Amino acid sequence: MSFMKGDLLTKTRKLVKGLAKAKPLWLKAMEENPPVTFPRTNEKSERISLPEDVYVKKFFQNHPDSLHEDPIRFSGFDPPPARIFGWRVLELKEQGVSEEEAMAVADMEYRQKRKAKKAAYKRLKEIARLQGEKPPPNPYPSAIKEIQAEERKYVRERFNDPTILEIVQRLKDEKVAFMQERRKAGGW
């Protein structure tokens with residue numbers, strides 16, 4: 001039915017009228033109460049842009065590694081560092097600071113925050129070692145390391161999963177059989 005124009009009701013009417021399909025039981029009820037149709041616009045929707053977007057782009061040009069190290073959490077309340085950087089630059093510009101100086105100050109503040117987070121975690125690890133305990137997990141992990149931690153259990157599982165081990169054994173047997181056939185045929 002994808003070649004026909006219209007919604008489900010229109011397409012079904014055409015098929016029933018052309019005797020290509022038996023009249024479904026729901027057709028009468030749907031004709032009496034047709035589904036809501038939403039108006040369509042032929043225009044493209046405007047792109048939403050915020051005042052700090054220019055500075056967010058500049059931030060990612062200066063710190064491309066931040067794309068991977070500072071994840072954007074959709075369910076979190078903390079904005080990403082790039083957005084904070086943009087807000088800080090705008091705030092400094094409103095106070096009368098030039099754009100270049102505002103970006104330099106915001107960049108310095110970002111670097112200090114990253115350095116402070118690393119130092120805090122380093123200190124936590126030292127305290128745990130002194131107490132003879134296992135170091136705590138990093139409270140500020142990179143996005144890549146978080147994903148790897150989630151996938152680690154599946155990577156380790158493949159070595160113990162009987163179905164995977166069975167598939168591997170079958171592949172090995174097929175390879176041995178193929179190599180023996182080749183030797184018999186004189187392919188080597």
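Begin by selecting F59, which counts as buried at 0% relative accessibility. The model on screen is a predicted one, and F59 is a convenient point from which to enter its interior.

**The aromatic cluster**

Keep F59 displayed and add F60, which counts as partly exposed at 26% relative accessibility. The rings of F59 and F60 make an edge-to-face aromatic pair, with 5.6 Å between the centres and 70° between the planes. Next, add F85. How are the rings of F59 and F85 arranged? Their centres are 5.1 Å apart and their planes meet at 45°, so this pair is tilted. The pair links distant parts of the chain, since F59 sits in helix α3 (residues 53–62) and F85 in helix α5 (residues 81–94), 26 residues apart. Both F59 and F85 are buried.

Now include Y110 in the selection: F59, F60, F85 and Y110 form one aromatic cluster. In total, the structure holds 3 aromatic pairs.

**The nonpolar core**

Extend the selection to Y55, V56, F59, A82, F85, V89, L92, A102, M103, A106 and Y110. These 11 residues make up the largest nonpolar core. Colouring by helix is useful here, as α3, α5 and α6 (99–130) each supply at least two residues of this core. As a general background, nonpolar side chains tend to be buried together in soluble globular proteins.

Centre the view on Y55 and display its surroundings. Which residues does Y55 contact once its neighbours within four places in sequence are left aside? They are F85, G86, V89, L90, K93, E99 and M103.

**A buried glutamate beside α3**

Move to E52, which is placed in the loop between α2 and α3. Is E52 buried or exposed? With a relative accessible area of 6%, E52 is buried. Show W87 as well: a polar contact of 3.0 Å joins the side chains of E52 and W87. Apart from neighbours within four places in sequence, the contacts of E52 are R83, G86, W87 and L90.

**Salt bridges between helices**

A search of the whole structure finds 8 salt bridges. For one of them, select R83 and D53, whose closest N and O atoms are 2.7 Å apart. This salt bridge links distant parts of the chain, with R83 in helix α5 and D53 in helix α3, 30 residues apart. R83 counts as partly exposed, at 21% relative accessibility.

Then select K58 and E99, whose side chains meet in a salt bridge of 2.9 Å, N to O. K58 lies in helix α3 and E99 in helix α6, so this pair ties together parts that are 41 residues apart in sequence. Both partners can be inspected on a surface view: K58 counts as partly exposed at 28% relative accessibility, and E99 is partly exposed with a relative accessible area of 31%.

**Along helix α6**

Within α6, pick R123 and E126. They form a salt bridge, the closest N and O atoms being 3.3 Å apart. R123 and E126 are 3 residues apart in helix α6 and are thus separated by about one helical turn. R123 counts as partly exposed at 45% relative accessibility, as does E126 at 32%. For comparison, return to E52 and select it with D53 and R83: salt bridges that share partners join these residues into one network.

Continue to L130, which is also found in helix α6. L130 counts as exposed, at 71% relative accessibility. A distance label drawn from L130 to A106, C-alpha to C-alpha, reads 36 Å, and the two residues are 24 residues apart in sequence.

**Helix α1**

The last stop is helix α1 (residues 8–17), in which L9, K11, T12, L15 and V16 are buried. Turn the view until it runs down the axis of α1. The buried residues fall within an arc of 165°, so they line one face of the helix. Show α2 (26–32) as well, as what covers the buried residues of α1 includes this helix. Finally, select L19, which follows α1 and has a positive phi, near 60°.

Methods:
Residues numbered from 1 in each chain as written. Predicted model: local features only at pLDDT ≥ 70, side-chain atom pairs only at ≥ 80, totals over all residues. Heavy atoms only, no water. Phe/Tyr/Trp six-rings, centres within 6.5 Å; stacked < 30°, edge-to-face > 60°. Buried < 20%, exposed > 50% of the residue type's maximum accessible area, 1.4 Å probe, protein only. Helix = DSSP H or I, 4+ residues; strand = E, 2+ residues; numbered from the N terminus. Arc of directions from axis to C-beta. Contact = heavy atoms within 4.5 Å. Core = buried A, V, L, I, M, F, W, Y, C linked by side-chain atoms within 4.5 Å. Polar contact = N/O pair within 3.5 Å; in protein donor to acceptor, adjacent residues only side chain to side chain. Salt bridge = Lys/Arg side-chain N within 4 Å of Asp/Glu carboxyl O.
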